[in-house]
Amino acid sequence: GPAAPRYKRVLLKISGEALMGDRAYGLDPDMVSQVANEIKSVWDLGGEVCVVIGGGNIFRGVSAAASGMERATADYMGMLATVMNALAMQSGLESIGVPTRVLSALPISAVAEPYIRRRAMRHMEKRRVVVFAAGTGNPFFTTDTAAALRASEMGCDAMLKATKVDGVYDADPALAKDAVRYDHLTYMDVLSRDLRVMDASAISLARENGIPILVFSIQNVGAFADVIRGRGTFTIIS
Ligand code: UDP
């Protein structure tokens, strides 16, 4: 039969750009449903899944659109963008029968539950997918750091970083044809070689809490379920 998941409780970090598909901006409904299906595959295996979604497809605090604006204000706009993506993901998941709750680090009570750690734990125990919106709720942070923070708080067995390529390479595989993918890296490798998988604060937090980071491609259908069973290609940072 199918191999059992190596990780029972996992956090998926997906960037806003990954939900954009081939578009230049915003959400591609086909990508949202593809990601929802990936999550459902893991959930069907008995996995407890939580998700942190970025907002870069809609707004980035450090973007040109934010120039002249106070950084904190621009960052709050970026956090609100993640809420929109979280609602789209909830809708995509519920349409295929996966019970989902959105918990927002910024209180927007008409739209989402506030983030309360013990409530999030309870949802996960009840096998609901939890989507964490609004990052950490603080300006000057990123959703990568939010992902490491929530994975630590939820006691996740692993953090999965969904990207466009199937792991971490020694050069950009889109540009260098002979780029080599690493099977394993240490947290210190990523930090000292500035490998830009996730930002340094996210890597440090994962390291302090001993949470492995698995970098894989969300473009390969079935990859999320494969990776948590140790199959397919990915890079593990531990
Ligand atoms: N952001 C923030 N605090 C957080 C998380 C996000 O201020 O804890 C803002 C920040 O402006 C960021 C934007 O939200 O540029 C979108 O998040 P991110 O860039 O991490 O999204 P991704 O690159 O994953 O799509």
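**Exercise 1. In this predicted model, locate Asp-194 and state what is unusual about its phi.**

Solution.
1. Asp-194 sits in the loop between helix H5 (187-192) and H6.
2. Its phi is near 50°, a positive value in a residue other than glycine.
3. For background, most residues other than glycine have a negative phi.
4. Asp-194 has 7 other C-beta atoms within 10 Å. The cut-off for an exposed residue is 12 or fewer, so Asp-194 is exposed.

**Exercise 2. Carry out the analysis for Arg-127: where does it lie, and is it buried, partly exposed or exposed?**

Solution.
1. Arg-127 is placed in the loop between helix H3 (117-125) and E5.
2. Its phi is positive, about 65°, although Arg-127 is not a glycine.
3. Counting C-beta atoms within 10 Å gives 13 others. A residue is buried at 20 or more and exposed at 12 or fewer, so Arg-127 is partly exposed.
4. A glycine can be set beside this case: Gly-155, which follows H4, has a positive phi near 65°.

**Exercise 3. Describe the shell of residues around the ligand: how many residues does it hold, and which elements give two or more of them?**

Solution.
1. The ligand is surrounded by 24 residues. The closest are Gly-54, Gly-56, Gly-61, Gly-78 and Gly-135.
2. Two or more residues come from each of helix H2 (71-94) and helix H4 (143-153).
3. H2 gives the most, with six residues.
4. Sorted by class, the shell has 13 polar, seven nonpolar and four charged residues. Glycine is counted as polar in this sorting.

**Exercise 4. Determine which residues the UniProt annotation "binding site" covers and how they are arranged in space.**

Solution.
1. According to the unreviewed UniProt entry, the annotation covers Gly-55, Asp-75, Thr-136, Gly-137, Asn-138, Pro-139, Phe-140, Phe-141, Thr-142 and Thr-143.
2. These residues are spread over 89 residues of sequence.
3. They nevertheless cluster in space, with a largest C-alpha distance of 14.1 Å.

**Exercise 5. For Phe-141 and Thr-143, find the location, the burial and the contacts beyond four places in sequence.**

Solution.
1. Phe-141 belongs to the loop between strand E5 (129-133) and H4, whereas Thr-143 is in helix H4.
2. Phe-141 has 20 other C-beta atoms within 10 Å. Because the cut-off for burial is 20 or more, Phe-141 is buried.
3. Thr-143 has 30 other C-beta atoms within 10 Å, so Thr-143 is buried as well.
4. Leaving out residues up to four places away in sequence, Phe-141 touches Gly-135, Thr-136 and Ala-146.
5. With its neighbours within four places left aside, Thr-143 is in contact with Val-52, Ile-53, Gly-54, Gly-55, Thr-82 and Gly-135.

**Exercise 6. Explain why H4 is described as largely enclosed, and name what covers its buried residues.**

Solution.
1. The buried residues of H4 are Thr-143, Asp-144, Thr-145, Ala-146, Ala-147, Ala-148, Leu-149, Arg-150 and Ala-151.
2. That is nine of its eleven residues, so H4 is largely enclosed by the rest of the structure.
3. The cover over these buried residues includes strand E1 (9-14), strand E2 (48-53), H2, E5, strand E6 (158-163) and helix H6 (200-208).

**Exercise 7. Work out the pairing of strand E3 (residues 100-104) and its burial.**

Solution.
1. E3 and E5 run parallel and are joined by five bridges. In this pair, Leu-103 stands opposite Phe-132 of E5.
2. E3 also pairs with strand E4 (residues 113-114) in the parallel sense, over two bridges. Here Ser-104 stands opposite Pro-114 of E4.
3. Four of the five residues of E3 are buried, and the strand is mostly covered.

**Exercise 8. Judge the compactness of the chain from its radius of gyration.**

Solution.
1. The chain contains seven helices and nine strands.
2. Its radius of gyration is 17 Å, while the globule rule gives 18 Å for 238 residues. The two values are close, so the chain is as compact as a globular protein of that length.
3. The C-alpha trace spans about 45 × 45 × 35 Å along its principal axes.
4. Of the 238 residues, 45% count as buried.
5. Among contacts with a separation of 6 or more, residues 24 or more positions apart account for 71%.

How values were computed: Residues are numbered from 1 along each chain as its sequence is written. This is a predicted model: local features need pLDDT of at least 70, side-chain atom pairs count only at pLDDT 80 or more; totals for chains, interfaces and linings use all residues. A residue is near a molecule or strand if its C-beta atom, placed from the backbone, lies within 6 Å of it. UniProt positions are given in the numbering used here, feature names are shortened, and annotations may be inferred rather than shown by experiment. Two residues are in contact if their C-beta atoms, placed from the backbone, lie within 7 Å. The radius of gyration is taken over C-alpha atoms; the globule rule is 2.2 Å times the number of residues to the power 0.38. Two strands pair if DSSP finds at least two bridges between them.
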